[in-house]
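Hi everyone, thanks for coming. Let's take a few minutes to look at a structure together.

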Amino acid sequence: MDLELSFKVFKLYILQILPERMHWADAIAQELMRRSDEHAIATGTSISGRIHLGNAGDVIFGDGAYRALEKLSPSSLKLIWFSDDMDPFRRVPAGLDPSFERYLGMPVSSIPCPDKCCSSFVEHYSTIFLNSLKKLGIEPEVHSTTDMYFKGIYENSIKKAIEKKDEIRKIFKEVSGADRPKDWMPFTPVCENCGRISTTKPLSYEDGSIEYRCEGGVVRGKLIEGCGHKGHSDLKHGKLSWRVEWAARWAIFGITCEPFGKEHAVSGGSYDTSSIISREIFGWDPPLPLQYEHVLVGGKKMAKSIGNIMTVKDLLNYLEPEVIRFFFFRSRPITHKDFDMVKLMQLAEEYEHVERIYRGSESPSPREDEGEIKSIYELSQVGEAVKEKPIQMPFRSLVYLVQVNDDVNWIASRLGVEPDKVEKKIQLVERWVEEFCPPEMKFQVSPELPGVELPPVLKEFLQKLSKSLEKDVREKEVQDRIRKLSSELGISPKEAYRAVYLVLLGKDHGPRITTLMKSLDKNFLVKRLRLEG
RNA sequence: GGGCCUGUAGCUCAGCCAGGUAGAGCAAUCGGCUCUUAACCGAUCGGUCGGGGGUUCGAAUCCCUCCAGGCCCGCCA
């Protein structure tokens, strides 16, 4: 008994002196600083069409680590985004002209812009992506893998990999049990005749030159025919096999941390293999992995076939950038994340809550960790976090206000803010209300008197209320009047309010009554309360 | 065939790595604010921590197992 008690006391004491809980980004930054004080964080995206929210998550998580490291002042620090544009084009995304099929098997960097507005397919999609990341305050150093090959940045790595290809084959065998054939080459050239990379087979290597034949290959289970061309390629027009390329890239850029999804993280997967290749072939310690779970949308995987692709650009039509960042930083990367457009208001409210705590207009509850909340809020900011008490324009309030009256000046005066401050947010909320707002939060003043049966006493109440409104619609008096009348007539205020909502909206509840009334034409209101249409 | 993640209050999630009084926000309910529904404030309600077993003085937390959901690898990346 005594022993048990002393254990408890000891533990409670320890808990008190332990530092506050730590945000994952801070924990990673600490671990990284323990390892070294020069850091490069790598993120990357394979460009196969519109770049969605999940792809953005990769970079956003990287930015989280970047910002947390920044606070610890390492001697050098950068955030890199690799445009994986030497990858072969594997599937024509939905919505694109089917004629793009002719590019299957070519490096995506050689496909033209689908809208003929940019210099290429890759530029088209990556520009949109990078611009929307910029709005989230993320501006990584950008590298195109195609350019890197062209410029010869990979050349030494390719030579080394070819030299040690048998060693690499052994690593593949040991780590993932995959048998690469004896004549396997870690580098695949682009066919100089047809421009495809999925169809070429390297035959031999000598002095920086690869002999190959374009004999065809399989892409997503579909056979792509080769053109039959036989030729020689230098080491600038082709690509290292992924796991080798990944390792080479780590070594070349000195990558110390990289976020990635489970497709790489799986046991025997590319992170395992690349780690060993990195260490044994290129002599670089693999980066600290930052594993994350993929983002779902409305409980489903984002897929072009389902048509539920959500991009940051799309999302910026409904949410402020801070809330999008908040979505990624409020919980651990490994946690399932479901971006549900219908529940977006809840997300916005949680962000507002964290903002109030950070900026001192609300105190955290005993179980909320102030240090962690501080990190979450700071990581959610596009720029510097501000400490002053916020003037908030709550998403929820706006949802109701825009449905009553979408005049900017009127809404601004209700919220007590400058019209130009709220204008943008009104647009965001209006779009959400129109497209995703659940029906129970939607309302509309009925143009005709809704067909409702009211007991005589409530009719009398409405008549009297109507009369008093003929003279005066100042809001304090309206509420006073409703209360007075309901007590005079012996009905509960609740019934009284219900009656008003019924005749105005056809529903038994609605937004604050004075807000609603004030936005309506006085004559209309008086008539309606008299049940005259 | 191999692996990963998730399961804690109606909803969204902390807490798990380093076992020690089950938490927050939102919702709901009730009340307050000279202004009673949905801008604010307070209080309350709400959970056999997916099930079972084990280790332990003590398990949401560690181990085993089962169930449910989501996903990945086993072509290429």
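I'll start with the RNA and then turn to a pair of helices.

Please keep in mind that this is a predicted model.

So, which residues come nearest to RNA strand B? There are 50 residues around the strand, and the nearest are W242, Y400, Q479, P493 and H509. On the RNA side, sugar and phosphate make up 65% of the strand B atoms that come within 4 Å of the protein.

Now for some individual contacts. The side chain of D87 has an N or O atom 3.0 Å from a sugar or linking oxygen of RNA strand B. With W242, a polar backbone atom is 2.8 Å from a phosphate oxygen of the strand. And R498 has a polar backbone atom 2.9 Å from a base oxygen. Several helices give two or more residues to this surface, including α1 (2-17), α13 (344-358) and α20 (493-505).

What classes of residue make up the surface near RNA strand B? We find 26 charged, 13 polar and eleven nonpolar residues there.

W242 also brings us to the helices, as one of the α8 residues in contact with α10. The axes of α8 (residues 242-253) and α10 (residues 270-280) come within 8 Å and cross at roughly 55 degrees, so the two helices are oblique to each other. Their crossing is right-handed. Among the residues in contact are W246 and W250 from α8, and Y271 and I277 from α10. By class, this contact has seven nonpolar, five polar and one charged residues.

That's my tour; I'm happy to go back to any part of it.

Notes. Residues are numbered from 1 along each chain as its sequence is written. Chains are lettered from A and ligands numbered from 1 in the order in which they are written. This is a predicted model: local features need pLDDT of at least 70, side-chain atom pairs count only at pLDDT 80 or more; totals for chains, interfaces and linings use all residues. Side-chain values use heavy atoms; hydrogens and water are left out. Axes are lines fitted to C-alpha atoms, for helices over the stretch in contact, and angles run from 0 to 180 degrees between N-to-C directions. Helices (H or I, at least four residues) and strands (E, at least two) are DSSP runs, numbered from the N terminus. Angles under 35 degrees count as roughly parallel, over 145 as roughly antiparallel, 65 to 115 as roughly perpendicular and the rest as oblique. A crossing is left-handed if the near helix is turned anticlockwise from the far one by less than a right angle, and right-handed if clockwise. Contact means heavy atoms within 4.5 Å. Ala, Val, Leu, Ile, Met, Phe, Trp, Tyr, Cys and Pro count as nonpolar, Asp, Glu, Lys and Arg as charged, and the others, Gly among them, as polar. A residue is near a molecule or strand if one of its heavy atoms lies within 4 Å of it. A polar contact is a pair of N or O atoms within 3.5 Å; within protein, one must be able to donate a hydrogen and the other to accept it, and residues adjacent in sequence count only if both atoms are side-chain atoms.
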